[in-house]
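Trainee: I would like to go through this structure with you. May I ask my questions as they come up?

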Amino acid sequence: MIHGTVAFVRIAVVTGGNKGIGFEVCRQLAGSEVTVILTARDEARGTAAVKKLRELGFSGVIFHQLEVTDGSSIDRLSDFLKTRFGRLDILVNNAATRGCELVDDPSFGPKPTMEKFSGMDGHQRVEWMLRNSQQSFDATKEAVQTNYYGTKQVTEALLPLLLSSDGRIINVTSGFGLLRFFRSEQLKQELNDIDRLTQERLDELLDAFLMDFAAGTVEAGGWPTEFSAYKVAKAAMNAYSRLLARRHPALRVNCVDPGYVRTDMTGHSGLLTPEEGGARVVAVALLPAGGPTGAFFDAAGEASPSFV
Ligand SMILES: NC(=O)c1ccc[n+]([C@@H]2O[C@H](COP(=O)([O-])OP(=O)(O)OC[C@H]3O[C@@H](n4cnc5c(N)ncnc54)[C@H](OP(=O)(O)O)[C@@H]3O)[C@@H](O)[C@H]2O)c1
């Protein structure tokens, strides 16, 4: 109690909180007096992550199972939040897949991870990822389902709880989600023209991408050709964020690029630690009330209205 009033504790949900950037976001939010619902699709991995945080002294972290592509799992989380808190203040849509398989690089031999990339700059590391990845249809579909549809489904289900508070939605995006990677000017324009774009059209575009991928016409269709599923799904998530920000001006809906981070997603090739990447996400989650909405926060932490 502070002078007769109960101190306000914010409630946050983080998707894919069991490892990588998501785990760090949970840790740093918990260290900022936020009650964190760390969610993970796998119960054992999620409870192990919560145990680790509790051992570090963060007692305000709670586990809840969440598979972002599963409607019944989302409903269970929503019911839990309604019953336990009656509201949600912060939603961090972090869960994602990379949209391709990373294969073993025999040239590295048994070197420890830290040594593998020493002497390589960011560009060379991305080139390494590209050389050692394979884009299958399964991984492509999984990335679209998780990174775009999963984010959208979780958000729509939790919206009523977010609208009842100073709600913030932070969609963890990537520089790869910028529209500059699209080959077709028409696609770029369509995805950028937020005055004319609709939710239905966005879903149609994702269907068209998957059809082009299956038919081997990604390049002819004007889509990004390298890391295509990841880039298309993140660009779609960015466009969805902008549509949502317009639909609900009372909310703060923003996209944050955490930078190139050493996690499983990048085969630990990144330049930043998960702590550094997570801090960029948390900084936007904890912005003072009335800040930007519908913005893209780049690696320097600057809010930009442009997603090109
Ligand atoms: N690492 C980078 O350089 C980088 C750069 C830009 C943006 N990002 C973005 O940062 C976010 C975190 O990435 P990261 O590097 O920390 O990746 P990561 O270490 O691979 O972690 C991804 C997390 O998402 C979870 N996840 C995947 N599919 C899921 C699903 N269907 N339902 C629920 N959870 C699911 C994973 O759970 P499991 O453990 O069960 O697989 C894991 O917890 C992603 O949105 C990514 O696109 C990363």
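Mentor: Please do, and let us begin at phenylalanine 227, which sits in the loop between α8 and α9. Keep in mind throughout that this is a predicted model.

Trainee: Is phenylalanine 227 buried or exposed?

Mentor: Phenylalanine 227 counts as buried because its relative accessibility is 5%, and buried means under 20%.

Trainee: And what about the backbone of phenylalanine 227, what is its phi?

Mentor: The phi of phenylalanine 227 is positive, at about 45 degrees, although the residue is not a glycine. As background, most residues other than glycine have a negative phi.

Trainee: Which other residue that is not a glycine has a positive phi?

Mentor: Glutamate 33 is one, with a phi of about 60 degrees. Glutamate 33 belongs to the loop between α1 and β2, the latter spanning 34–40.

Trainee: Buried or exposed, in the case of glutamate 33?

Mentor: Exposed: the relative accessibility of glutamate 33 is 69%, and the threshold is over 50%.

Trainee: Back to phenylalanine 227. Which serine does it touch?

Mentor: Serine 133. Apart from residues up to four places away in sequence, serine 133 touches Phe227 together with Cys100, Glu101 and Leu102. Serine 133 is located in strand β6, residues 133–134.

Trainee: What does the side chain of serine 133 reach?

Mentor: Two backbone oxygens are within its reach: that of methionine 129 at 3.0 Å and that of leucine 130 at 3.3 Å. Serine 133 also counts as buried, because its relative accessibility is 16%.

Trainee: Changing topic to the ligand: which residues come nearest?

Mentor: There are 29 residues around the ligand, and the nearest are Asn18, Glu67, Tyr230, Val261 and Thr263. By class, the shell consists of 11 nonpolar, 11 polar and 7 charged residues.

Trainee: Which helices supply at least two residues of that shell?

Mentor: α1 (20–30) and α9 (228–247) each do so.

Trainee: Which side chains have polar atoms by the ligand's oxygen atoms, and at what distances?

Mentor: Asparagine 18 has a side-chain N or O atom 2.7 Å from a ligand oxygen. For arginine 45 the corresponding distance is 2.8 Å, and a polar side-chain atom of lysine 234 lies 2.9 Å from an oxygen atom of the ligand.

Trainee: How much of the ligand does the protein bury?

Mentor: The protein buries 94% of the 910 Å² that the ligand exposes when taken alone.

Trainee: Let us turn to the nonpolar interior. How many residues does the largest core have?

Mentor: The largest nonpolar core has 49 residues, and Leu81, Leu88, Leu158, Leu202 and Phe209 have the most contacts inside it. Two or more residues come from each of β1 (10–14), α3 (71–84), α6 (137–163), α7 (185–192), α8 (199–215) and α9.

Trainee: Which element gives the most to this core?

Mentor: α9 does, with 10 residues. There is also a second, separate core of 31 residues, including Cys26, Phe63, Val281 and Phe297.

Trainee: Could we look at leucine 202 from the largest core? What is it in contact with?

Mentor: Setting aside neighbours within four places in sequence, leucine 202 is in contact with Tyr148, Leu191, Leu197, Ala236, Ala239, Tyr240 and Leu243. Leucine 202 lies in helix α8 and counts as buried, because its relative accessibility is 0%.

Trainee: Tyr240 is in that list. Where is tyrosine 240, and what else does it touch?

Mentor: Tyrosine 240 is part of helix α9. Besides Leu202, it touches Tyr148, Lys152, Thr155, Glu156, Gln199 and Arg247, with residues up to four places away not counted. Tyrosine 240 is buried, with a relative accessible area of 1%.

Trainee: And leucine 88, which residues does that one touch?

Mentor: Beyond residues up to four places away in sequence, leucine 88 touches Ile11, Ala12, Val13, Leu81, Leu158, Leu161, Leu162 and Ser165.

Trainee: One last residue: where is threonine 15, and is it buried or exposed?

Mentor: Threonine 15 is in the loop between β1 and α1. Threonine 15 counts as buried because its relative accessibility is 2%. Its contacts outside four places in sequence are Thr39, Leu66, Val68, Val92, Asn93, Asn94, Ala95 and Val154.

Key. Residues are numbered from 1 along each chain as its sequence is written. This is a predicted model: local features need pLDDT of at least 70, side-chain atom pairs count only at pLDDT 80 or more; totals for chains, interfaces and linings use all residues. Side-chain values use heavy atoms; hydrogens and water are left out. A residue is near a molecule or strand if one of its heavy atoms lies within 4 Å of it. A polar contact is a pair of N or O atoms within 3.5 Å; within protein, one must be able to donate a hydrogen and the other to accept it, and residues adjacent in sequence count only if both atoms are side-chain atoms. Accessible areas come from the Shrake-Rupley method with a 1.4 Å probe; for residues, only the protein chains shown count as cover. Helices (H or I, at least four residues) and strands (E, at least two) are DSSP runs, numbered from the N terminus. Ala, Val, Leu, Ile, Met, Phe, Trp, Tyr, Cys and Pro count as nonpolar, Asp, Glu, Lys and Arg as charged, and the others, Gly among them, as polar. Buried means under 20% relative accessible area, exposed over 50%, partly exposed in between (1.4 Å probe, protein chains only). Contact means heavy atoms within 4.5 Å. A nonpolar core is a set of buried Ala, Val, Leu, Ile, Met, Phe, Trp, Tyr and Cys residues joined through side-chain atoms within 4.5 Å.
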